[in-house]
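Here are a few exercises on contacts and strands, each with a worked solution. Try each task in your viewer before you read on.

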Amino acid sequence: MKKFLAVLVGLAFVFGTTTSVRAADIPDEQMSMPRPPVENTGGYSGAYYDDQRTLFRAFSYVESWPSQNYSDGSQTTCKSALDEPCKSTKYLFFETPLSPCSDVRVRDCVVSLAGKTADGDWLSATLIETATSAFKGIGKEFIDRYNTPFTGDVKRGVPDSGFISIWKIPGLPHSNGDEYLLIPKLNVEHQDTLGSKPSNLDVGVFPISRTPSAGKEEKDCFLLTADYCFIRWAHPEGSSFKVSIKTGSKIVGWIHGRIYEPSVSSSKLSDGQTLVTVEGKAMRVPTLGVWAKNTELPKVLDSMIEQEFIDRGYTPAGSTPYGWPSKNRADLVTIDDRNPSFNETWFARYLLWVQVAKDKAYANPSTWSFRSMEDTGMYWRCIAESGVSGMVTTNSNAYLAGPPTFSDGVLSYKVSSPHYDSKGAVQVGTYDLAIRSDVARCIYGFTSAPIQASVSIVYDDGQSKSATTVVSEKDNWLRLSAKGFTYSSPTVKVSLTQAGSKPSTSAKTTITCVKGKTSKKVTAVNPKCPTGYKKKAQ
């Protein structure tokens, strides 16, 4: 998504924003990126963190790139993954929503959607229609590139392009009807000719209402089609959803998302596809949206932004509603809305923006979403290509987008959010981890005997505070849950134990594995390089 979001962010102000002063009657689900505090005046920087934007609009395209260089503009859009240059490229990109399964669509499709009330039974959703976005604010060249139906390649794991879908759940009404928008997307970057790279699965369920599209623009709607303007609303209080999807694309490793008390499963089907089913309750997740004068930013944050601006050839990172082009940030108004997958560097920058926002969220929309991740971290030897092996969900605005790190017998997961929600109340944190029992035993070197676990919340000052925790093991899945802690940036630590066993940490060694210009370190008792990598000579 790096390349695609780099193109998309420049369109953010076309697609719609609200003012930075929120109106009391606007639901949090309809709040979008804030406008600058002063219009048409340079010298302001902002940040907007809302990871639901990865589902924004759901384009369809397959294209060939000549290299891994994102600044190379010689990419080619194809009508089929089997057409040249897409057929032979080592750097294939694709993105598409997945249509519902049918008599004519039996691969890479939505098997089912269901929902239920807080104390009810599962209710099967009824498909109403499929749809594709209409774009009134962008040119034909962009639409031809990013909204082009295509034929896939089964051997390479590239699906046929599909459509988002609208469903009805009559027994599960929200505040403005009983229709729900389902956006399930597949995408991959730099796929090789063998289709060996895992795909990203990104799924969201959104309560919606509709009005005719006549006279409407993108900024007026959560989704605009040729016929309707769809408006987003809050999920019913305590509601749960269940989505089943099958795909021939490679879905391996970990899932992370915005679901309370989740359950996940995956299995191989007889036709070679993977069936993935995820269920759980909707939750509220804070977003961060803030502006400040450059001269009033923390010095270290201003230096980070300035250095990146220079490194990018004096190109702002994010959306620039005023002042472009200029090599002087004092002339520009720029908001960083890239919504990255957080690594340690991004995490540090996020914490500085939380300071600027005075530790308060911009909005707290309800959501139900999940996405897979390509990186299996240090667990590749325990995961290999065995499908979905674990799932982490949290209501934290920011978190390190990978599986929990494993060190000295402890799984650690770092999270961060503003301390206060958009209304000024203290935000209460939630964290759920589901990990396949066989994967957990492999990581720890455990036997098949029962596993015990403890969960602690450790803050930056070293304090460890208690939280309500639940640990269970059933149907080859180990589930751990921590609730009731507060933010800003605690680390969730999980310790697993087993009678008569100790985590095998002392005998581990580290090797370096290389594939072309890419390298990764592997730490294990008996480390081996992943498929396609070779051990680097010491």
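Let's start with a warm-up: cysteine 78 and cysteine 86 are both buried, where buried means under 20% relative accessible area, exposed over 50% and partly exposed in between (1.4 Å probe, protein chains only). A word on the input: this is a predicted model, where local features need pLDDT of at least 70 and side-chain atom pairs count only at pLDDT 80 or more, while totals for chains, interfaces and linings use all residues. Residues are numbered from 1 along each chain as its sequence is written, and side-chain values use heavy atoms, with hydrogens and water left out.

**Exercise 1. Find the disulfides and work out their handedness.**

Step 1. Count them. Searching the whole structure turns up four disulfides, a disulfide being a pair of cysteine sulfur atoms within 2.5 Å.

Step 2. Go back to the warm-up pair. The sulfur atoms of cysteine 78 and cysteine 86 sit 2.1 Å apart, so they pass as a disulfide. The torsion about this S-S bond is about 95°, which means a right-handed link.

Step 3. Try another one. Cysteine 221 is joined to cysteine 229, S to S 2.1 Å. Here the torsion about the S-S bond is about -120°, so this disulfide is left-handed. Cysteine 221 comes out at 9% relative accessibility and counts as buried; cysteine 229, at 1%, counts as buried too.

Step 4. Now the link between cysteine 513 and cysteine 529, with 2.2 Å from S to S. With -90° about the S-S bond, it is left-handed. Cysteine 513 belongs to strand β33 (residues 509–515) and cysteine 529 to the loop between β34 (518–524) and β35 (534–535), so the disulfide ties together parts 16 residues apart in sequence. For the record, helices (H or I, at least four residues) and strands (E, at least two) are DSSP runs, numbered from the N terminus.

Step 5. Check the surroundings. Cysteine 513 is buried at 0% relative accessible area, whereas cysteine 529 is partly exposed at 21%.

**Exercise 2. Pick some salt bridges and say which parts of the chain they link.**

Step 1. Get the total. The whole structure holds 21 salt bridges, each a side-chain nitrogen of Lys or Arg within 4 Å of a carboxyl oxygen of Asp or Glu. As background, side chains of opposite charge can pair when their charged atoms come close.

Step 2. Take arginine 284 and glutamate 29: their closest N and O atoms are 3.1 Å apart, and they form a salt bridge. This pair links distant parts of the chain, with arginine 284 in strand β17 (residues 283–284) and glutamate 29 in the loop between α2 (12–15) and β1 (44–49), 255 residues apart. Arginine 284 is partly exposed, at 41% relative accessibility, but glutamate 29 is buried, at 6%.

Step 3. Next, arginine 329 and aspartate 302 meet in a salt bridge at 3.0 Å, N to O. Arginine 329 is in the loop between β19 (319–322) and β20 (333–336) and aspartate 302 is in helix α4 (residues 299–311), so the contact ties together parts 27 residues apart in sequence. Arginine 329 counts as buried at 9% relative accessibility, and aspartate 302 as partly exposed at 22%.

Step 4. Which residues are linked in a network of salt bridges? They are Asp51, Asp202, Arg258 and Arg371.

**Exercise 3. Lay out the four-stranded sheet and see what packs on it.**

Step 1. Write down the order. The open sheet runs β18-β1-β20-β19, with mixed pairing; strands pair if DSSP finds at least two bridges between them.

Step 2. Find the edges. β18 (288–293) and β19 have a single partner strand each, so one side of each has no neighbour in the sheet. From one strand to the next, the twist averages 20°.

Step 3. Zoom in on one pairing. β1 and β20 run in the parallel sense over four bridges, and alanine 47 stands opposite aspartate 336 in β20.

Step 4. Add the helix. α5 packs on the sheet and touches β1, β18 and β20, with its direction at about 110° to that of β1. Contact means heavy atoms within 4.5 Å; axes are lines fitted to C-alpha atoms, for helices over the stretch in contact, and angles run from 0 to 180 degrees between N-to-C directions.

Step 5. Tie helix to strand. Arginine 349 and aspartate 336 form a salt bridge, the closest N and O atoms being 3.7 Å apart. Arginine 349 is in helix α5 (residues 344–356) and aspartate 336 in strand β20, so the bridge ties together parts 13 residues apart in sequence. Both arginine 349 and aspartate 336 are buried.
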